[in-house]
Each structure stands twice: as structure tokens, then as C-alpha cells.
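Me: I would like a close look at a single part of this model. Please take one helix and describe it along with whatever packs against it.

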Amino acid sequence: MLNIPSQSFPAPVSQQRVSSSVGRSKVPLKPGRSLMDWIRLTKSGADLTGLKGKLIEVTEEELANHNKKDDCWVCIRGLVYNVTPYMEYHPGGVEELMKAAGSDGTDLFDQVHRWVNYESMLKECLVGRMAVKPVSVAKGIPTAKKVPVPLVKEIMPRYDWFQTNTNITVIIYTKEKALTCGSVIADLQGGVLSTEVILGEGSYLLHIRLSHEVEEDVTVQTSCGVGKVELSMKKKSSTKWKELGVPLDSHDLLLKSKDRGLFYRKCTLVSITDVTHDTKLYCLQLPHGTSFQVPIGKHVYLKSVIKGSEIVKPYTPVFRRLIPEQEVTDFDSKNIFLMIKIYPDGALTSHIGNLQLGDSLYASNPDGQFSTSRLQGVTTLYLLAAGTGFTPMAKLIQFALKGLDGLRRTRLLFFNKSEKDILWMSQLQQVAEEDNRFQVEHVLSEPSLEWAGKQGRIELSLVSDFMNKSADDSKTLVCVCGPTPFTEQALMILQKLGFSEEEIHAFLG
């Protein structure tokens, strides 16, 4: 990891920053190198990675080889980007980017501001993921050699197992009282059990080839008060097991979540529902041996091979409906709902738009930096969304209204092109009618003549009138999501309105 002073990147006056600080001046950009010029380049179809659309696993040695101005790769949270084409567009200048050349720049970003929407800004520059180094196994016990830097906690997670004539149960003890059903990802495929338990910024991993056959299904139960996870599997025979199985790579290991890599599983498309004229709600059924729920604010990566190239894009899951349901059911841990806008020329969405029921897509583990701990004590929650940037807000609205006892108000300012583009408009209205703590205002850039609401695009006066920042709010959080220009503009406006970095979170758009 790099340990570079916090003022180094992005530049203090870069439009990527919210709060200003004493330091460098903004580097003048050449003509044709503005943010909008960069966005146009990313949408031009140009091969910005140099890999013709393919994604690769990158070793530390390979990453270190790309450390020059004309060949510069940077790793951020386990993802590797070819930032060479972005050099001349970076407001902080080439030298600032070069400080992370050929290495892991995660700390470099985090020391300045964790909310930077780099995934959206650089998504067309994505080379792939860092390769997870293998675990050496000696006599069935994994060693620490060549393992991505393990985390050390005062009380380390551990596991045990027991059996009956019909079942095998694996118990993971974490001592994590904040454990939820969304903290556990379990996959049972081909006799191999892979489990990830998310513990703050860390992930505890189990990876073991079971010693005997079981049914291809796993039941997950969490005991939040004591931090215990139970994984239950049904034996195919009543044979008494002498051991659970053989440890595989990254077994019984606590890592930083960004270092653990992503596991993809083949999902089946089981329903398609129209949301608007160009946006649909897709339900992907997880394999029988998979169980997980996507936590609030997290996204998954969808992957498909199209014309010989592996295409990967992030999407934030939603619930089946915006209206809160009484209980989370087993159905929710076996299905993922994704609200996807179909672009006819989109690399992945054009493919998704042609899928039929029964077709398949690969979905990753949940990923992302947002934690519901940021909502603790929040009394006022503001949401600024544009288009499908609404998707992370959908779960946030449900969680805030159901789970935040001290919440006084939640307000959504929702930007769209026209009335027909507004996602779940009637459901938003219903929530507002049923809970007086929630309000929604729509802003349209190209409304019909009959539209009586607000018009325009995001700008200071609109946001200022909507938010009314006041001193009596004991704790405020502002969440932003939308296309990159929208997010950049919103963050600059929030800075002018006096919101601090701690009061702002920008989701991947």
C-alpha cells in the first residue's frame, strides 16, 4: 500500500474534491481535455484499456511493469485501471497520477476522500482484478505464505462443524454483534463450499472441498446478538464423516474485503417487468447452492461473454417493490432484482435487452464501500438522484423509514428527462402519502407542456431550496448517484452549501 500525504491526489482544487485545503493550484488542461471531453471519449467506443474489451487477472509483477506516463496502470480496491488515456484529462495533473503508477493507489485515494466516484469515471479503463495469491497448503493446514495481507483482530473468527445422520452444519463464530443476513455469502458448487462473512472492512473466508457428497443446497442462519453463522447442508448418504473436508486456497482467512477477489456464479433470468419505456426490472435466480442478500448501498458486477469478449458492468440491486414488505423471506436470498436501462448501443445492456426467460448471466459477490453504520444517528437524509442513479436510493429509503428510530425526514430530489422516464413514480408517491417523514420532488429537463413540477438540471438554487441546511439537524447525510457529470456537479454544489465530506456519500453511477 502507498502511504502518501493526503494532499497529493486528487489535487486540492480538483472538481473531484468536496472540501478545499491549502496546497497546489489546479493544473491548466489543454484544449479539448475537459471533463465533458473525457466523458465523450469514454462513450466513443475507443479501446481505452488496450485489451480489446477483455478483462484479465493482474499479478503484482504485471502491475509494476506498467509504471510509465505512456503505460500507466493503477490499482484501486482490487481493480486495475489503465489510466494512460486519462493523464491529460486529470485536473490535478500527470505527476499526481504518476504517484500511484504501477502500484496500489487505494490508500492514496482514501486519505483524501473515500467517496470519489472513480469507478464511474474510469470504468472504460478497467483492465481487470488483482490476482489473489494462492494459499500454500501443508498437511491440510493453510500457511500465511503468499496470502494477501491478512487482517489481525483481537478476537479472530473461527469455525467448527458437527453432523447428524442427515445433515452437516458448519458454525462460524465472529463475535460481531452487527452481523446481518446481508453479511454472509455462501456458495456450494461441485462439492466445494465457499463462504464469505463481511465484518466491517474485512472478509472472513472459508473455502473447503467437502469430504462426502451433499445436496446442492445450503441454508444460512445468522444470530446477530452473538455474531454466529450456521451453514446447513443435507447429506446424500448417512455415512459418518471423519473430517469436514480438504482446505483450499484462502481458507479460514480474514482479509481486507478489497483483497478477497470476486466470485461469480451463473444466474438464471426468471422474470422481466417493464418499469418505464426503456428500463426493466430483471429478476435473476441464484443457483440452488448459493445464498446471499445484497446489503444496502452495495452493487454486484454482471458478467457475460459477448462476441468473444468478457464484458463486466456494476449494477445496484433493488427490492421487488419500493413499498416496504413485512419480512425478508428465503425468496430474497435466492434472487437478485436489478433495474436496468437498456441502451441499444450499450456493450452489455444491448445483450441484456435481448435475453429471454431461462437465459443466464454471471453475478458477482456484493461489492462497494457504503456501510449502514454511516446512517447511525442520522436525523435528516437527503437523496440526490438522476435516472437509474435512483437504484441505490430505493433500498436506502426502505431502510431509513423502517430502521432509523431518530429519523425526522428523508427527502429525494429526483432528476429525469421527462415524465415517462421517472422510475417507480406511483410507488414514490404512495410512500410519501403513507409516511410524512418522506418527501419526493421531481425535476425534468424536457417536460411536457402539462408538467406542473420543477424544470431544469441540477444547479445551486434548486438544491439549496430543496435542502434547507439548518443548525438544528443533529446529524445529516446526503447521498448522491447519477451519471458522472451529475455527480460532479452535485458535489461542487454541496461544497458551496457547506456540507462536509463526512456528510456526503457518492454512489457508483
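Reply: What follows deals with helix α11 and its packing partner, after a few words on the whole chain.

The model is a predicted one. Its chain has 509 residues, and 52% of them count as buried. The chain holds 11 helices and 31 strands. Of the contacts between residues at least 6 apart in sequence, 74% join residues at least 24 apart. The accessible surface amounts to about 23400 Å², with carbon and sulfur atoms accounting for 51% of that area.

Helix α11 covers residues 484–496, which makes 13 residues. From the first C-alpha to the last, α11 reaches 19 Å, close to the 18 Å expected at 1.5 Å a residue. Its buried residues are T484, F486, T487, E488, A490, L491, I493 and L494. After α11 comes G498, which has a positive phi near 95°.

The partner to consider is helix α1, residues 35–42, which packs with α11. Two packed helices are described by the angle between their axes and the distance between the axes. For α1 and α11 the angle is about 155° and the axes lie 10 Å apart. Angles over 145 degrees count as roughly antiparallel, and α1 and α11 are therefore roughly antiparallel to each other. The crossing of α1 past α11 is right-handed.

At the residue level, α1 contributes L35, M36 and I39, which meet T484, P485 and E488 of α11. Of these α11 residues, T484 and E488 are also on the list of buried residues in the helix.

Methods. Residues numbered from 1 in each chain as written. Predicted model: local features only at pLDDT ≥ 70, side-chain atom pairs only at ≥ 80, totals over all residues. Heavy atoms only, no water. Helix = DSSP H or I, 4+ residues; strand = E, 2+ residues; numbered from the N terminus. Buried < 20%, exposed > 50% of the residue type's maximum accessible area, 1.4 Å probe, protein only. Contact = heavy atoms within 4.5 Å. Areas by Shrake-Rupley, 256 points an atom, 1.4 Å probe, with all protein chains shown as cover. Expected span 1.5 Å × (residues − 1). Axes fitted to C-alpha atoms, helices over the stretch in contact; angles between N-to-C directions. Parallel < 35°, antiparallel > 145°, perpendicular 65-115°, else oblique. Left-handed = near helix turned anticlockwise from the far one by under 90°.
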